[in-house]
Amino acid sequence: MTTEDKSSLILPHTIRMIAWEITRSCNLACKHCRASALHGPYPGELSAEKAMQVIDEIAAVGKPVIILTGGEPLLRDDVYDLASYGDSRGLRMVLATNGTLMSDAIVRKLIDSGIKRVSVSIDGADAASHDAFRGVPGAFAGTMQGIESMKRVGMEFQINTTITRGNLDQMQAIHDLAHHVGSAAHHIFLLVPTGRGKEMADQEISPLQYEETLDWFFDTGLACSMQLKATCAPHYYRIFHQRQKELDGSSGRMAAAERTRDVRSLHSMTRGCMGGSSFCFISHTGQVQPCGYLDLDCGQLKENSFGEIWENSKIFQDLRDLSLYKGKCGRCEFLKVCGGCRARAYEATGDYLAEEPYCIYEPKKLA
């Protein structure tokens with residue numbers, strides 16, 4: 001391989017998004033969550049002073065979107081201060097919540113602190129299915145009340161849905177519900193059975209269902225006014241390119257091209273697995289990881305700056321070097337847009353560079 005060929009397989013590493021688990025404390029007990037359990041407090045959480053320092057370190061590297069998440073981030077008393085400080089440093093601050101603690105007053109405080117969008121999880125089309133997934137009776141009603149508060153006060157929000165065998169047959173109904181309540185976007189997450197999610201390994205949909213679901217998601221985008229994004233589902237970006245090519249090559253080429261532009265504008269297009277290249281996760285103790293499901297220590301913020309970790313972590317450098325990817329991922333023509341789920345690969349094999357175990361696509365390139 002020439003130096004030029006090698007360099008073309010190194011992903012750029014501009015940081016674009018960080019999910020920051022500012023607390024593990026939570027008022028729910030969701031089956032799939034990486035956080036360990038209810039409430040807390042949990043030892044080792046970053047102090048307010050240290051968290052502000054981390055924000056400065058992030059701002060020195062780039063201007064990513066910062067997702068304040070948990071646990072339940074609203075259980076951290078200084079969440080508004082963190083949001084306001086990040087906003088003052090030019091970072092786009094957003095919040096990921098279960099929605100049950102929202103009120104008109106809290107939404108106003110979030111807006112005043114600079115939060116630009118809130119994501120709320122809905123994993124069932126009705127109270128019975130959502131509450132069973134969330135582990136607390138009344139969770140669905142609380143989330144819907146939170147959504148109503150955001151609508152009244154004027155906070156932009158999106159709906160996130162984790163897809164499992166238990167709710168796969170409800171996906172259209174959940175999508176319709178997201179549209180009905182006025183969500184700006186619907187983001188789907190494919191269950192990754194790591195952490196506490198290991199307990200739900202039997203709820204992971206099959207590889208074929210995975211493919212069919214992502215095809216459904218593409219088709220849904222043809223007639224949807226919401227922004228759509230598939231997360232923890234890197235195959236989607238391969239499917240998107242395949243389906244777009246089909247549209248462009250179909251009869252009625254002009255109409256197909258117009259539909260494709262519509263889909264591209266509605267689907268949030270990044271790449272498949274962004275861990276280590278444009279995205280990372282910060283745990284409640286300050287451990288930096290490729291994502292929340294890939295629990296690998298890429299550096300400790302109590303010991304090194306964010307910039308030092310982002311630039312120098314061997315794991316991050318490995319993930320950016322596509323020439324190191326193994327198995328059919330390594331020879332796939334869609335490697336740059338997909339990359340496979342590194343967390344699933346690691347869970348299945350102990351090697352974060354191994355091939356994605358839940359992909360049914362066979363690359364055209366020979367080994």
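**Stop 1: His 235**

Select His 235, which is found in helix α9. Helices here are DSSP runs of H or I with at least four residues, strands are runs of E with at least two, and both are numbered from the N terminus. The model you have open is predicted, so local features need pLDDT of at least 70, side-chain atom pairs count only at pLDDT 80 or more, and totals for chains, interfaces and linings use all residues. Residues are numbered from 1 along each chain as its sequence is written, and side-chain values use heavy atoms, with hydrogens and water left out.

Is His 235 buried or exposed? With a relative accessible area of 1%, His 235 is buried. (Buried means under 20% relative accessible area, exposed means over 50%, and partly exposed is in between, using a 1.4 Å probe and protein chains only.)

Now show what His 235 touches: Tyr 210, Leu 214, Cys 338, Glu 356, Tyr 358 and Cys 359, not counting residues up to four places away in sequence. (Contact means heavy atoms within 4.5 Å.)

**Stop 2: helices α8 and α9**

Next, select residues 207-221 for α8 and residues 235-249 for α9. Two packed helices are described by the angle between their axes and the distance between the axes. For α8 and α9, the angle is about 55 degrees and the axes are 10 Å apart. (Axes are lines fitted to C-alpha atoms, for helices over the stretch in contact, and angles run from 0 to 180 degrees between N-to-C directions.)

This makes α8 and α9 oblique to each other. (Angles under 35 degrees count as roughly parallel, over 145 as roughly antiparallel, 65 to 115 as roughly perpendicular, and the rest as oblique.) The crossing of α8 past α9 is right-handed. (A crossing is right-handed if the near helix is turned clockwise from the far one by less than a right angle, and left-handed if anticlockwise.)

Colour the side chains where the two helices meet: those from α8 include Tyr 210, Leu 214 and Phe 217, and those from α9 include His 235, Ile 239 and Leu 247. By class, this contact of α8 with α9 has 8 nonpolar, 2 polar and 5 charged residues. (Ala, Val, Leu, Ile, Met, Phe, Trp, Tyr, Cys and Pro count as nonpolar, Asp, Glu, Lys and Arg as charged, and the others, Gly among them, as polar.)

Before leaving, look at Cys 232, in the loop between β7 (227-231) and α9. Cys 232 has a positive phi of about 55 degrees, although it is not a glycine.

**Stop 3: Lys 328**

Select Lys 328 in helix α13 (residues 327-330). Lys 328 counts as buried, at 9% relative accessibility. Which residues does Lys 328 touch, not counting residues up to four places away in sequence? They are Glu 355, Glu 356, Cys 359, Ile 360, Tyr 361, Glu 362 and Pro 363.

**Stop 4: Gly 142 and helix α6**

Move to Gly 142, which lies in helix α6 (residues 139-153). At 12% relative accessibility, Gly 142 is buried. Leaving aside neighbours within four places in sequence, Gly 142 is in contact with Gly 99 and Thr 100. Try a distance label too: Gly 142 and Ser 103 are 39 residues apart in sequence and 9.9 Å apart in space, C-alpha to C-alpha.

Add helix α4 (residues 104-112), which packs with α6 at an angle of about 55 degrees, their axes 9 Å apart. That makes α4 oblique to α6. In α4, Asp 104, Val 107, Arg 108 and Ile 111 meet Ser 149, Met 150, Arg 152 and Val 153 in α6.

**Stop 5: helices α2 and α3**

Select α2 (residues 48-61) and α3 (residues 79-88), whose axes come within 10 Å and cross at roughly 25 degrees. These two helices are therefore roughly parallel to each other. Their contact is made by Ala 51, Met 52, Ile 55 and Asp 56 of α2 and Asp 81, Leu 82, Tyr 85 and Gly 86 of α3.

Gly 71 is found in the loop between β2 (65-69) and α3. A cis peptide bond joins Gly 70 and Gly 71, with omega about 25 degrees.

**Stop 6: the core and the whole chain**

Which residues have the most contacts inside the largest nonpolar core? They are Trp 20 and Leu 68, in a core of 90 residues. (A nonpolar core is a set of buried Ala, Val, Leu, Ile, Met, Phe, Trp, Tyr and Cys residues joined through side-chain atoms within 4.5 Å.)

Finally, zoom out: the protein chain has 14 helices and 9 strands, and buried residues make up 56% of its 367 residues.
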